[in-house]
Amino acid sequence: MKIYNTLTRKKEEFVPIEPGKVRMYVCGPTVYNLIHIGNARPMIFFDTVRRYFEHRNYQVNYVSNFTDVDDKIIKKAQEEGVDASVISQRYIAECKKDMEGMNILPATTHPLATQEIDGMIQMISQLIEKGYAYVVEDGTVYFRVRKFAGYGKLSGKNLDDLRSGNRSLLVTGEEQKEDPMDFVLWKPKKEGEPYWESPWCQGRPGWHIECSVMSKKYLGEQIDIHGGGEDLVFPHHENEIAQSEAASGKEFAHYWMHNAFLNIDNKKMSKSLGNFFTVRDISEKYDLQVLRFFMLSAHYRSPLNFSGDLMEAAKNGLERIRNGAERLREAAKSGAGEPMTEEQKAAADAFVDKFDAAMDDDFNTADAIAAVFELVKYANTQAAEGLSRAFASYLSQILTELCGILGIETEKQEELLDAEIEALIEERQAARKAKDFARADAIRNQLAAQGILLEDTREGVKWKRA
Ligand code: AMP
Ligand code: ZN
């Protein structure tokens, strides 16, 4: 199995630290809003990586955090006049709903930064003791980059170049830094901000230390894979390496994997350009597994462009697979009774080999999907000639398994009957009356996932099939 390692800039054979086990950490979202479809790319991709390792019989310990203390969360809390934890809890719950829609399995652990402050204080203290960090007058603690010999090894950046580029960036309050590239490990609170006690000042951790600490706590000092979007290579991951390796004296992560960005209409997705979609927006029009299928249709290291046309193509492709699966399920019930031949089994297994070969080559999901389409095409041709129950059942099992690795369900969700829809709408109205908005939203989403759109009108709730 080969993985492209950002650290060495080449594809390398995957050799786990412990045979049969994978320890993987992926940086999760900052929870101050609904997640956007860009955030969904690493979530979908690394969930697929995890599923593939499991298919290859590895035991995967997969950790992905929620960053639940951050300037953006605090700003939003101040705007709404609530505690920062109200904002982060709300958007963690929303994120989990979206993950479920995209068929993303919960990680082994989803740690929260705010629950791990003790570990952060410990690691920062250790870094100070070892001379890798220092405290300045106002109680801010900085990491001393020039003390860490490997600084820049992940991003390929050179400290001298970085320094000269950043001299002018020294902003007020940062004059006490020894070096413009030194970064914050702990910072003093500002009025109205959440804070924790520490040996240096009442304050909160810097973003980078959070991941180093959560990764160490749940996976140990050394891990196999660390992942995230390519924007995180510098400074976030570079700084994580500096902190973790300075503290432990050991190599932190063996393989560094980064997904390329998702763009919209060939432009960078941004709120100001107005080309910005949340996963929730997409769920109003599509089954979120279509979004998942679309994301996996490109290799993770290629930039991916989101457009209505490509989503339609993904929807049609997924439908083709599901129709093929349905046909196989039918044949598995009604086909002839003869046993599957050796040749038939070999022909079917060849698709699995093709799929695995694609995934073994740095998780080439695009080629893996091509193998699934070939299997569907083959099954359709065979079905036209009449499939035996045994062979249809075998093909069906393989198709479901391969789709399962991609996190795609082959069985179409049962269409809701009108009466069931009406009953759900009534339940939603009751939930709203009882101010149980979470339940009300869940029902709306459940209906949306089935293509049922609700419209609240003066005469009551109207619904239609999309
Ligand atoms: P953030 O909440 O900004 O820290 O992002 C959470 C994760 O989403 C990180 O791994 C980012 O690299 C990733 N990410 C953010 N925007 C995009 C995008 N447009 N395309 C792909 N990945 C993204
Ligand atoms: Zn991180």
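This passage describes a zinc site, a ligand site and two buried residues in a predicted model. In this predicted model, local features need pLDDT of at least 70 and side-chain atom pairs count only at pLDDT 80 or more, while totals for chains, interfaces and linings use all residues. Residues are numbered from 1 along each chain as its sequence is written, chains are lettered from A and ligands numbered from 1 in the order in which they are written, and side-chain values use heavy atoms, with hydrogens and water left out.

The zinc ion (ligand 2) has as its protein donors Cys27 (SG), Cys211 (SG), His236 (NE2) and Glu240 (OE), at 2.0 to 2.7 Å. Donors are N, O and S atoms within 2.8 Å of the metal (3.2 Å for Na, K and Ca); water is not among the atoms, so sites may look incomplete. Along the chain, the donors of the zinc ion follow the spacing C-x183-C-x24-H-x3-E. Cys27, in the loop between β3 (21-26) and α1 (37-55), and Cys211, in helix α6 (residues 207-219), are 184 residues apart, and the pair links distant parts of the chain. Helices (H or I, at least four residues) and strands (E, at least two) are DSSP runs, numbered from the N terminus. Both Cys27 and Cys211 are buried, that is, under 20% relative accessible area (exposed is over 50%, partly exposed in between; 1.4 Å probe, protein chains only).

The four donor atoms subtend angles of 72 to 129 degrees at the zinc ion, and therefore the arrangement is irregular. Four donors count as tetrahedral if all angles lie between 85 and 135 degrees; four count as square planar and six as octahedral if opposite donors are over 155 degrees apart and all others between 65 and 115; anything else is irregular.

An oxygen atom of ligand 1 lies 2.4 Å from a side-chain N or O atom of Asp231. A polar backbone atom of Thr30 is 3.1 Å from an oxygen atom of the ligand, and for a backbone N or O atom of Gly229 the distance is 3.0 Å. The protein covers 87% of the 490 Å² of accessible area (Shrake-Rupley method, 1.4 Å probe) that ligand 1 has on its own.

Gly38, in helix α1, is buried at a relative accessible area of 18%. Its C-alpha is 5.4 Å from that of Leu262, although the two residues are 224 apart in sequence.

Arg204 lies in strand β8 (residues 203-205) and is buried at 3% relative accessibility. The side chains of Arg204 and Asp71 make a polar contact at 2.7 Å; such a contact is a pair of N or O atoms within 3.5 Å, and within protein one must be able to donate a hydrogen and the other to accept it, with residues adjacent in sequence counting only if both atoms are side-chain atoms.
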